[in-house]
Amino acid sequence: MKLKTTISLLGVAIFMVACATNPFTGKKTMALVPNSQIFPMAFQQYDQFLAENNVVTGTAQANKIKKIGQEIATASERWLNANGYAGYLKDYQWEYNLVNDPAVNAWCMPGGKIVFYTGILPIAKNDAGIAAIMGHEVAHALANHGQQRMSAAQYQGLVAVAGNVALSKDPKAQEDFNKYYGIGSTVGVMLPFSRKHESEADRIGLTLMAMAGYDPIEGAELWKRMQQNSGGQAPPEFLSTHPSSQTRINNITAWAPEAKAEARKFGVTKFKRN
């Protein structure tokens, strides 16, 4: 009982003093570390990554990544301005780079620093596929998922400390707590938290790509190709940081019409599928 009380009080205290608002969902999110600290660190790490890897410049593919990235970022600014978040992006520094690497991957650092690997381009297949990936990555940055993951990891550590302090007079209970807390908090909290972020980025990204003039249903086609490329070699969803490909296909298919409807509010009526 003492442990539960300690952890509950800790959670309430943290949430009251360190939270932000996700502009796309309106929900409060953890923000133990402010973006004023996170962004400069992310920008520095991004520059270091680029210096240590083979960045592709001046090619048609590299230029396409930058073009579509800017289209998605412009769409996000339009949406934010129209929904009462003018100035939200003032500290963002959008950058989109193609890196020569066979990995089937793309990622975004806090503050808008995005990398596409050449290995993902055959699966993206066309501009709409690139837009689906780019929308997802931009959405991670806009929703401050990096900040939330960092905050969650800190919270996980603080709970571990609180548990050990609360159980300091009961060595057996303390041992059991340490034995099960790591696995339990990871499988039961951290992994679902990560999967939620991925689904949230998928949904936000569909709206952004639709506003940029790309058909959001192409996001489902992208994940069909991802599924085929993986050959079914993926861990069970509950042990993964990401939803399964089939879950994403189902979700995107269901969400695509609402993304188009949102884009039409901004005068977008034609959606490219290639």
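Trainee: Which residues does Ile65 touch, not counting those up to four places away in sequence?
Mentor: Bear in mind that this is a predicted model: local features need pLDDT of at least 70, side-chain atom pairs count only at pLDDT 80 or more, and totals for chains, interfaces and linings use all residues. Residues are numbered from 1 along each chain as its sequence is written, and side-chain values use heavy atoms, with hydrogens and water left out. Contact means heavy atoms within 4.5 Å. With close sequence neighbours set aside, Ile65 touches Tyr96, Leu98, Phe116, Leu121, Ile130 and Met134.

Trainee: How many residues are in the largest nonpolar core?
Mentor: A nonpolar core is a set of buried Ala, Val, Leu, Ile, Met, Phe, Trp, Tyr and Cys residues joined through side-chain atoms within 4.5 Å. Buried means under 20% relative accessible area, exposed over 50%, and partly exposed in between, using a 1.4 Å probe and protein chains only. Ile65, Ile72, Phe116 and Met134 have the most contacts inside the largest core, which has 58 residues.

Trainee: And which helix supplies the largest share of this core?
Mentor: Helices (H or I, at least four residues) and strands (E, at least two) are DSSP runs, numbered from the N terminus. The largest share of the core is 10 residues, and they come from residues 127-142, helix 5.

Trainee: How many residues of helix 5 are buried?
Mentor: Helix 5 is largely enclosed by the rest of the structure, because nearly the whole run is buried. At its start, a side-chain oxygen of Asn126 reaches to within 3.2 Å of the backbone nitrogen of Ala128, and after the helix comes Asn144, with a positive phi near 55°. The buried count is 15 of the 16 residues.

Trainee: What about helix 3: how far apart are its end C-alpha atoms?
Mentor: The expected span of a helix is 1.5 Å times one less than its number of residues. Helix 3 covers residues 60-82, so its 23 residues should span 33 Å. The model agrees, with the end C-alpha atoms 33 Å apart.

Trainee: Trp79 is in that helix too. Which residue forms a stacked aromatic pair with Trp79?
Mentor: Rings of Phe, Tyr and Trp (its six-membered ring) pair if their centres lie within 6.5 Å; planes under 30 degrees apart count as stacked, over 60 as edge-to-face and the rest as tilted. In this stacked pair, the centres are 4.4 Å apart and the planes are at 20°. The partner lies in the loop between strand 1 (19-21) and strand 2 (28-30), so the pair ties together parts 55 residues apart in sequence. Both rings belong to buried residues, Trp79 and Phe24.

Trainee: Why is the pair of Tyr46 and Trp107 called edge-to-face?
Mentor: Tyr46 sits in helix 2 (residues 35-52) and Trp107 in strand 5 (residues 106-109), 61 residues apart. Both are buried. Their ring centres are 6.1 Å apart, and the pair is edge-to-face because the planes are at 85°.

Trainee: Last one: which residue makes a polar contact with the side chain of Asp202?
Mentor: Asp202 lies in helix 7 (residues 171-211) and counts as buried because its relative accessibility is 7%. Beyond four places in sequence, Asp202 is in contact with His136, Arg248 and Trp255. A polar contact is a pair of N or O atoms within 3.5 Å; within protein, one must be able to donate a hydrogen and the other to accept it, and residues adjacent in sequence count only if both atoms are side-chain atoms. At 2.7 Å, the side-chain partner of Asp202 is His136.
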